[in-house]
Structure formats: structure tokens, C-alpha cells
Amino acid sequence: MMCVALATRVSDRSFLAFDFGLKRVGVASGNSVLRQASGLKTIAAEGDARFAAIQRLVADWKPDALVVGVPFHPDGAVHDNTRRARRFARQLHGRFGLPVHEVDERYTTTEALADGAR
């Protein structure tokens, strides 16, 4: 019975996901069971205040890992925001010691706009 419980726990992982911006960071929560995320809040702070707000979320939600959306040009080339989002991901890992997964978000805005038009 213990093996079943362990197997279930391994596959049931929770995440906090971040959509990095210079002025604001969008935050969502999700888990591996539902395989979807729900928006939580927008953090409109910079520097230490931003990370203090994230610390409170990490303490409240106790995620297994963090996710950061990383933008690319349509051809896959990096740009300034790609580098900024990756730096933010490294900072999250360094501050909170959790695994941080980078997700390619080059078409997410287009998809969200298309879904909103339906």
C-alpha cells in the first residue's frame, strides 16, 4: 500500500508559474493532476518587494517546483526579454531552492487572443 501512496505523490506535483515583466509579474498555480493552471494574482512590484511577495506565495502554496515563461522571437531567436526572463528564473532558483522549469511562450499571447475571440 505504501508503494501506491508514493507513486501517487510523485505524480501529483504542484507548481507556481510566473509570467515575467519589467513592471509586473503574473502568477498562476497549477498541478500535474489537472494539467492546467489558474491565475492567482499580478505582482506590481520590483526588486526586493517583488521577491518578498513571491516568498509569501511560496510559503502559502508550498509548490514542488516553479515555472517561468520565456519569450522568444517566432524563429526561436532570443531577445532582451528572453534574457531577462531567464535571469528571473535563475534568481527564483537561487532564492527559493526549488526546481525552476523554463517554458517556451513564444505563441501564448497569440493563442490567448485567439481563444478570447471565440
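The lining of the largest pocket splits by class into 9 nonpolar, 9 polar and 4 charged residues. That pocket belongs to a predicted model, in which the protein has 118 residues, with 31% of them buried. Overall, the secondary structure adds up to 4 helices and 5 strands. Here's a quick tour, starting with the fold and coming back to the pocket.

**Overall layout**

- Reading from the N terminus, you get the elements in the order α-β-β-β-α-β-α-β-α.
- Take the contacts in the protein with a separation of 6 or more: 52% of them come from residues 24 or more positions apart.

**The sheet**

- The 5 strands sit in an open sheet, ordered β3-β2-β1-β4-β5, and the pairing is mixed.
- At the edges you'll find β3 (36-43) and β5 (100-104), each of which pairs on one side only.
- On average, neighbouring strands in this sheet are turned by 25 degrees against each other, if you ignore direction.
- For a look at one pairing, try β1 (residues 14-19) with β2 (residues 25-31): these two run antiparallel and share 6 bridges.
- Want a spot to click on there? F18 has V27 in β2 as its bridge partner.

**Helices against the sheet**

- Helix α2 (residues 47-61) packs on the sheet and touches β1, β2, β3 and β4 (65-70).
- The direction of α2 makes about 140 degrees with that of β3, one of the edge strands.
- Helix α3 (residues 80-96) lies across β1, β2, β4 and β5.
- Against β4, helix α3 runs at about 170 degrees.
- So which strands do the two helices deal with? For α2, the strands touched are β1, β2, β3 and β4, while α3 lies across β1, β2, β4 and β5.

**Back to the pocket**

- The largest pocket comes in at a volume of about 440 Å³.
- It has 22 lining residues, and A17, A28, A37, V67 and V103 are the closest to its centre.
- Which elements give two or more residues to the lining of this pocket? They are β1, β2, β3, β4 and β5.
- Strand β2 supplies the largest share of that lining, with 6 residues.
- That's the β2 that pairs with β1 in the antiparallel sense and is touched by α2.

Key: Residues numbered from 1 in each chain as written. Predicted model: local features only at pLDDT ≥ 70, side-chain atom pairs only at ≥ 80, totals over all residues. Heavy atoms only, no water. Pairing = 2+ DSSP bridges. Axes fitted to C-alpha atoms, helices over the stretch in contact; angles between N-to-C directions. Contact = heavy atoms within 4.5 Å. 1 Å grid on protein atoms, 1.4 Å probe; cavity = no way out; pocket = protein on both sides within 12 Å on 5 of 7 lines; lining within 4 Å. Points joined across faces, edges and corners; volume = space filled by probe spheres on them. Nonpolar A, V, L, I, M, F, W, Y, C, P; charged D, E, K, R; others polar. Buried < 20%, exposed > 50% of the residue type's maximum accessible area, 1.4 Å probe, protein only.
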